[in-house]
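Please look through the structure shown below, beginning with a helix and what follows it, then turning to a sheet and lastly to the place where two chains meet.

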Amino acid sequence: MTAFLQIDRLTKSFGSISVADDLSYELRKGEALGVIGPNGAGKTSMFNLITGTLSPNSGRVLFDGHDVTRLGAAARCRAGMARSFQVPQPFSGMTVFENAMVAATQAAGLRGKAAERLCLEVLEQTQMLPKANALAGGLTLLERKRLELTRALCAKPKLLMLDEIAGGLTEGECRSLVQTIKDIHASGVSIIWIEHVVHALLAVVDRLIVIDFGKKIAEGEPKAIMASPQVQEIYLGIEADA
Amino acid sequence: MTMEWVNAIVQGTLLGGLYALFAAGLSLIFGVMRLVNIAHGDLIVMAAYLGLTVVSVLGIHPLLALVLVVPLMAGFGYVLQRAVLNRTLGDDLLPPLLVTFGLSVILQNGLLEVYSADPQKINAGVLETASVSVAGLSLGVLPLLTFAVALAVIWGLQWVFYHTALGRAFRAVSDNQDIAQLMGLNRRHIFGLAMALALGVTAIAGILLGIRTSFDPSIGGGRLIFGFEAVIIGGLGNLWGTLAGGVILGVAQTIGAKIDPGWQLLAGHIAFLVILAIRPNGLFPRISA
């Protein structure tokens with residue numbers, strides 16, 4: 001078995017603050033991996049290191065058999081990585097459909113009718129079709145989160161990275177989003193999902209890793225990880241002051 | 001008597017077409033990458049000289065020379081952006097201002113070295129003097145053509161912006177550069193294309209300027225001011241607004257000249273200042289500054 005994504009001893013620090021400390025793990029093709037950890041543990045920074053927004057002090061990122069550590073964010077995106085942001089960041093002056101078209105034409109490399117068809121399919125899947133012609137700047141939180149997912153999917157990713165996409169949603173909204181993500185996973189897309197809403201995460205992922213202070217402190221089968229004393233302590237801590 | 005005023009307004013409107021062409025490139029560059037290009041006027045003059053050279057070497061009509069000058073300027077724009085200007089872009093607005101100011105000095109002196117300080121003019125034959133009579137007004141064919149070209153160019157840019165993948169790329173990069181990168185857009189390349197498109201338009205403006213009036217290497221600064229004024233009157237980020245800005249500036253100038261020939265430029269600047277005082281964001285702003 002060769003890893004689809006391999007994070008190899010990644011280290012990144014800003015002054016004395018370490019966001020990734022000798023971080024290593026692997027993701028198999030088609031796998032869904034959950035990432036948990038306290039706020040400020042370096043989870044989002046890890047995404048930035050994988051997508052190329054940040055460059056590491058040392059270590060490598062291998063994606064689909066290639067070392068992409070030296071590639072820029074745009075090239076990594078075209079190679080098949082796409083992510084959603086914790087705080088949605090749409091192109092607010094463009095419509096939902098145009099936002100999707102940017103990803104379909106630039107990241108997935110589609111043209112004309114083929115790009116339009118993909119966008120319509122994805123908008124249907126993410127239930128954003130009724131909002132296709134609305135300006136992205138005027139959407140509600142749920143719609144913005146769905147747009148993040150739409151845009152990531154229109155990039156035709158092999159690896160989808162979700163950053164706290166369930167946070168701030170109501171129970172019903174969360175359930176339908178989880179179903180959408182399950183469908184995406186079932187279609188063969190590999191997923192890494194950072195999430196504080198643990199029950200949503202556990203409904204989808206095959207495996208879980210726990211990160212704290214930029215270090216991987218646990219990895220394994222989701223239920224076993226959640227039951228471990230170390231994680232209990234961290235999560236009780238979070239819930240106490242959340 | 002009234003006819004004379006109507007004439008001044010019509011002539012000013014047509015002149016505004018040329019100013020809109022000066023301004024369209026500035027507006028596009030600022031809109032896509034927030035770059036204020038101080039060298040824009042000198043690039044217009046450079047395009048006029050390039051046109052002059054092509055016309056005198058090949059002996060072709062200046063409008064035909066556009067076939068060569070537009071791609072030359074566009075290619076120059078792409079290389080300039082990738083090799084120099086991309087390095088100046090960041091959170092700080094000052095480096096691109098300083099670098100384009102330096103570029104302006106270099107261009108002016110380069111043109112002076114190659115073409116000397118003597119005023120030149122591009123000879124377009126009968127096109128320069130041809131006119132048509134419309135409702136008692138005598139309208140020059142060249143100003144009419146210039147205005148039509150300005151309409152076509154702005155319509156074309158608008159179409160590119162809102163109906164093509166390239167336009168979406170421009171708007172995406174303009175909206176949020178970092179996210180655009182994560183959508184697979186190489187912003188350095190997109191900025192290069194934006195500058196190429198802007199200088200392609202500049203080439204058209206330069207040649208029409210060179211046919212209309214005589215020019216020398218020192219007039220770039222004045223064209224830059226007209227371009228800025230048209231962009232700001234119209235409102236940032238709105239190309240049709242830029243055309244309106246050009247027309248307002250042109251009309252103000254011809255009416256000023258009608259009152260007293262010495263007032264032409266002053267009247268344009270006064271109109272600009274008045275609009276800036278009443279509506280600091282311009283008449284039809286799309287980007288809040």
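In this predicted model, a convenient place to begin is B:Gly235, which follows helix α9 of chain B and has a positive phi, near 105°. The helix that precedes B:Gly235, α9(B), covers residues 220-234, and its 15 residues reach 21 Å from the first C-alpha to the last, close to the 21 Å expected at 1.5 Å a residue. Is this helix mostly covered or mostly exposed, if a residue is called buried when 20 or more other C-beta atoms lie within 10 Å of its own? By that criterion α9(B) is mostly covered, with 12 of its 15 residues buried, and the buried set includes B:Arg223 and B:Glu229 as well as B:Leu224, B:Phe226, B:Phe228, B:Val231, B:Ile232 and B:Ile233. The cover over these buried residues includes five helices of chain B, namely α1 (2-33), α2 (40-58), α4 (94-115), α10 (239-259) and α11 (264-278).

Chain A offers a sheet to follow strand by strand. Its 6 strands form an open sheet of mixed pairing, in the order β6-β7-β8-β3-β9-β10. Because β6 (81-83) and β10 of chain A stand at the edges and each has a single partner strand, one side of each is left without a neighbour in the sheet. Averaged over the sheet and with direction ignored, neighbouring strands are turned by 20° against each other.

The mixed character of the pairing can be traced around β9(A), residues 207-212. Towards β3(A), residues 32-36, β9(A) runs parallel and is joined by 4 bridges, and here A:Gly34 has A:Leu208 of β9(A) as its bridge partner. Towards β10(A), residues 215-220, the pairing of β9(A) is antiparallel and extends over 5 bridges, with A:Val210 standing opposite A:Ala218 of β10(A). Between β9(A) and β10(A) the hairpin has 2 residues, and in this hairpin A:Phe213 takes a positive phi near 50°.

It remains to consider how the two chains meet. In the model, 21 residues of chain A are in contact with 15 residues of chain B. Which elements of chain A give two or more residues to the side that touches chain B? They are α2 (73-78) and α3 (96-107) of chain A, and the largest share, 7 residues, comes from α3(A). By residue class, this side of chain A divides into 10 nonpolar, 7 polar and 4 charged residues.

Technical notes: Residues numbered from 1 in each chain as written. Chains lettered and ligands numbered in written order. Predicted model: local features only at pLDDT ≥ 70, side-chain atom pairs only at ≥ 80, totals over all residues. Contact = placed C-beta atoms within 7 Å. Nonpolar A, V, L, I, M, F, W, Y, C, P; charged D, E, K, R; others polar. Pairing = 2+ DSSP bridges. Axes fitted to C-alpha atoms, helices over the stretch in contact; angles between N-to-C directions. Expected span 1.5 Å × (residues − 1).
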